[in-house]
Amino acid sequence: MIGGLFIYNHKGEVLISRVYRDDIGRHAVDAFRVNVIHARQQVRSPVTNIARTSFFHVKRSNIWLAAVTKQNVNAAMVFEFLYKMCDVMAAYFGKISEENIKNNFVLIYELLDEILDFGYPQNSETGALKTFITQQGIKGQTKEEQSQITSQVTGQIGWRREGIKYRRNELFLDVLESVNLLMSPQGQVLSAHVSGRVVMKSYLSGMPECKFGMNDKIVIDKAGKGGVTDDVAKSTTGKQSIAIDDCTFNQCVRLSKFDSERSISFIPPDGEYELMRYRTTKDIILPFRVIPLVREVGRTKLEVKVVIKSNFKPSLLAQKIEVRIPTPLNTSGVQVICMKGKAKYKASENAIVWKIKRMAGMKESQISAEIELLPTNDKKKWARPPISMNFEVPFAPSGLKVRYLKVFESKLNYSDHDVIKWVRYIGRSGIYETRC
Amino acid sequence: MTDSKYFTTTKKGEIFELKAELNSDKKEKKKEAVKKVIASMTVGKDVSALFPDVVNCMQTDNLELKKLVYLYLMNYAKSQPDMAIMAVNTFVKDCEDPNPLIRALAVRTMGCIRVDKITEYLCEPLRKCLKDEDPYVRKTAAVCVAKLHDINAQLVEDQGFLDTLKDLISDSNPMVVANAVAALSEIAESHPNSNLLDLNPQSINKLLTALNECTEWGQIFILDCLANYAPRDDRESQSICERVTPRLSHANSAVVLSAVKVLMKFMEMLPKDLDYYGTLLKKLAPPLVTLLSAEPELQYVALRNINLIVQKRPEILKHEMKVFFVKYNDPIYVKLEKLDIMIRLASQANIAQVLAELKEYATEVDVDFVRKAVRAIGRCAIKVEQSAERCVSTLLDLIQTKVNYVVQEAIVVIKDIFRKYPNKYESVIATLCENLDSLDEPEARAAMIWIVGEYAERIDNADELLESFLEGFHDESTQVQLQLLTAIVKLFLKKPTETQELVQQVLSLATQDSDNPDLRDRGYIYWRLLSTDPVAAKEVVLAEKPLISEETDLIEPTLLEELICHIGTLASVYHKPPSAFVEGSRGVMHKRLPARTGSGESTESPDVGTIAGGSGTETAPSIIPSQGDLLGDLLNLDLAPPTTTGPPPPTSGMQMGGMDLLGGGLDSLMGDESEPLGGDIGGSAAMGAGFGAVPAVMPASLNAPMGGGLGDLFDLGGGVGMPLGAYIPPKTVWLPAMKAKGLEISGTFARRAGVIQMELTLTNKAMSVMTDFAIQFNRNSFGLAPAGPLQVLSPLSPNQTIEVSLPLSTVGPVMKMEPLNNLQVAVKNNIDVFYFSCQYPISMLFVEDGKMERQVFLATWKDIPNENESQFQIKDCHLNSDAASNKLQASNIFTIAKRTVEGQDMLYMSIKLSNGIWVLAELRVQTGNPNYTISVKCRAPEVSQCVFQCCEAVLKN
């Protein structure tokens, strides 16, 4: 199991050091600093073995978190734990920076004592932790409160406490998708996938039981076999069903139920959390198409023309569009003409950045640039990195639609109809690249 | 909040000031002071002097302050054990506190204080806490048992905590169950046969129920524990699989990987024609792909595991090639791993796409990545025949870029393509020759020279080209020198008339002006071959070469099986068994996949040939000594300090060849010798597979024409090899016939090729026939147990003697014996059961990977307390230190370093026992003095005496 956990600043100074196992000594702190933080080359692996001691590290801005062990631990678990540790710290004091860590070191030690026991991760849900790890002390608790805390920390529903009350029962559903594309210069899709998240903010009283439904192909097809419901499903969603390659759920979702019936039911945590993640690869709506044309005119000049076409309903608007056209390292000057938006050559980033605030569907726009090159005797060819794009669109490129989210709370007197529900779809570019 | 100010106090007299503040009456001031102390502790300052003052602050109802004091205690209690006792009262009191959070905190902290006197006081509170009404306290107490076991295992057993812990598996609270499982699993690892985790269908059912209810971390503990269970039949295994598959949709990647481990393992037991088997295969792919959208560090772990899974079950991901395409801003470690998997998944169906990608990668910036991409193109050509032509033309395009390292890498792989498809692509040789001057890496130079030599008859100026290399012969690396020698001999055999001078020149360079024994030997062999029988020389040197394998870097099957059992863990990230990087007894137990019920896919007894062939593993370059090193190790002529800094090799393939010279090992030695004779390049990993095949062909063709010359060579090999066998004591009579109704048993123990064997001679001195032999051992110090039944085939008639050898395992039940190496044996036959005891030489427990790294050795030597050191005298031994070291090495006593001080040689040696105990030794040899001194240091000092006896026996025989 995890033998120790260290946090360093960018210089390699230790900010936090907590040792859990006897086989990890003080020298381990220095070994990591010397061999990884101060190493000359780029990091070649997130797992390093130094003198039979293994170090796992992750970096957040310029803070290093390292977990140390001498045993054959579950490596995936260690990394998941380090990420979780970052989440918990962020939930307590915001950004993970040297300043914040130093300011909260007592709190961090307290957290480390609680969420890692003898190197075994324990309950690390922020909701539960915040009920008893505070910097105000926990003196004023009654006996009932204490046992409520312990039963929540260890209980089956560790993510939610009893007795939550809201005057207005409300929930917000965000379907956030990032669409990823790699396209060849000829316009052939080399790979495309959507990775989506359903993020939920729930302000519900009591211990409500929720059921979430979407236009999952498997569910719709199954329902279709029943006969009548098929048309209903189609007419209510207006869109066909989508094939989900794979999905993962927050720990509140009953996985065995999903496995057997493919229904998503859960008791939600209070406040904001990620309900599920999913991935689709079929029938993706690619909101933009990039058509590049690069011509080398002699050895000192490049002509670049890029056309972007929007491919969605004309009534919708895409926002925050940015096209990044890489330029060679030996660029001496660039002249740009674009029909829409603003374009600038950024020498420090070796790219032409073309920004358009808004663009409706089924439109196209174009940029052309002349790039002057300095003659070099470098034999190595320019690697021609791909043209990348950023944007935001108000629909889900996967085609996912929320069909329902039902809330049941039998003990309190509010019903599904009384809950105010909001649904929003946002599609963003992930890695959206076209080779040129 | 401005706690950061505590980090900046560095004035003098700080400790004194802190002391005053700690003793202040004001609570706030006290707390501030303790915070300062903790901050100093964090940055590495020694604040142990404040121990009594800090402990005084412990009695407080401020929980925050209490936690800080506890933190301090955990750090310094060990250095101030007497003072730490002061804290005991508070702990005991806190364990009775009405607040469950405080009770748990006290028991949690007490377990972290590794002071004997404190642990004594811990037992009673712990016992109460294990049965506490509050689940939070119970789950903390469960982990505390593991802590206590780590400090004092005996105490835990004596106090009966293990049973209480087992009861907690049936606890009503899922988190208590999960922690109990984690604690038991850890304790069980250090007692491989204790049957602690008594997994049976009932307890498995409990675990599966808890699995649905506990935290993500608890699910991991439970799944990792489930993976150790062996289902009774395929039905049980299927029903467990069905209940584990929902975990594949968990958001936590570690849960997913642990579930994959359980499924991969239990799948082995399912019949392949079962519908469910196919369903399961299909269910595995999507979650594996999803892992690739996690954070990069997790992607890395996932990719290393997918690499194993793809080797074990290629069908799972065969349609998922695209997800392994490299993204422009993937970190380099992710890129390299993806590339590896792309090569493994390449097939005729997707080769066009793969090639287009690889070509793209070859223009990237990172040198390692580009090299690997170029190499991958070559691998594709060899793997998918239809694509070979396209691959070759892609490689030619890349050569045209003139980027130096791309060109060199391309030439290395083109050489392999030539070998795979002879007489097909030789038209490109002209292009290759154009780049001759730019080659500066040995591997590329050697590859080019091989090509020139192999196709000498088609290259008009082959002699000029080779001659140009010859000019700087002595500055070349060995690899290039050997290749050049072979290439010129080939050239001579093909065009004898023009190249006589050249061949003379290279032979004299190799035999007279070189210090390298390999080069000299090869030179002499060629010389004698050419001078005695040129026709035979032609047959030998220009013989047909064995095929090179399609798959490279495949992990050796038994290792792969073991690694599959470790999916998700560090072992699967390193692609090494845990014993290669974990010290002590933990993880030494080798895990195995369960056998399929019905069809027997036997993985037993791989012969030497396949081991040598399969040993071109992922990590081959760093682990398996190159041919030169191997020879060096075998002969151990100069005992140069080891140059490898990696951990000792985990695969025993090559080493076994080295140790077991008497048996099949000689073949492998000859294999290594004769392989270069054929004129191959041993450097490329692709050739690894060729090793196994060569010896079968070569010796036959060599022996016939080569009377004297080669005979010498083999004599030499045999002469050096003989005394290197591990020491085997002569047989002694263990059970005289008088005592056993006519059955006489004598025997000895031996370690051959990593297997411990008990060699018995059974003689029937009675008047009647004996049948139905069986053997059993009593529990013993190192868990020795028969690995199979006693194989006495025929009935033993009167006056007949039979030799039996019984392989032993070291995973049997353990009990400390007096003397340590005492073994009590029961032998049964149709007449009666007979008991006897014998003592085995502890040297048979010395494992092959017992060579410690030098730094580790130094650190360990310092680390072991001096009272564990014992000194012995070995009298009347007339060996010099080198010979002694050779002898010892043959019995797996490895010399790590040698130092000579004032005519006294000091050998530093390491030994690893089969149960993971390391023994370090220092042997002092004075020239002219037949009495040696040996100092033995070990964490378990009781073995020292036995080790000494063995060293003495080995040296004197």
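Biologist: How many helices and strands does chain A have?
Modeller: Keep in mind that this is a predicted model. Going through the secondary structure of chain A, you get a mix of both types. The tally is nine helices and 23 strands.

Biologist: And how many helices and strands are there in chain B?
Modeller: Chain B also has both kinds of element. Its count comes to 42 helices and 13 strands.

Biologist: What share of the residues in chain B is buried?
Modeller: A residue counts as buried when its relative accessible area is under 20%. Chain B has 957 residues to go through. The buried part of them is 59%.

Biologist: Is Cys247 of chain A buried or exposed?
Modeller: The cut-off for buried is under 20% relative accessible area. Cys247(A) sits at 4%, so it falls below that limit and counts as buried.

Biologist: Then why is Cys338 of chain A called partly exposed?
Modeller: Partly exposed covers the range between the buried limit of 20% and the exposed limit of 50%. Cys338(A) lands in that range because its relative accessible area is 24%.

Biologist: How many disulfides are there over all chains?
Modeller: A disulfide is a covalent bond between the sulfur atoms of two cysteines. To count here, a pair of cysteine sulfur atoms has to lie within 2.5 Å. Searching the whole structure, the number of disulfides found is zero.

Biologist: What part of the accessible surface of chain A belongs to carbon and sulfur atoms?
Modeller: The accessible surface of chain A comes to about 19600 Å². Carbon and sulfur atoms hold a share of 49%.

Methods. Residues numbered from 1 in each chain as written. Chains lettered and ligands numbered in written order. Predicted model: local features only at pLDDT ≥ 70, side-chain atom pairs only at ≥ 80, totals over all residues. Heavy atoms only, no water. Buried < 20%, exposed > 50% of the residue type's maximum accessible area, 1.4 Å probe, protein only. Helix = DSSP H or I, 4+ residues; strand = E, 2+ residues; numbered from the N terminus. Areas by Shrake-Rupley, 256 points an atom, 1.4 Å probe, with all protein chains shown as cover.
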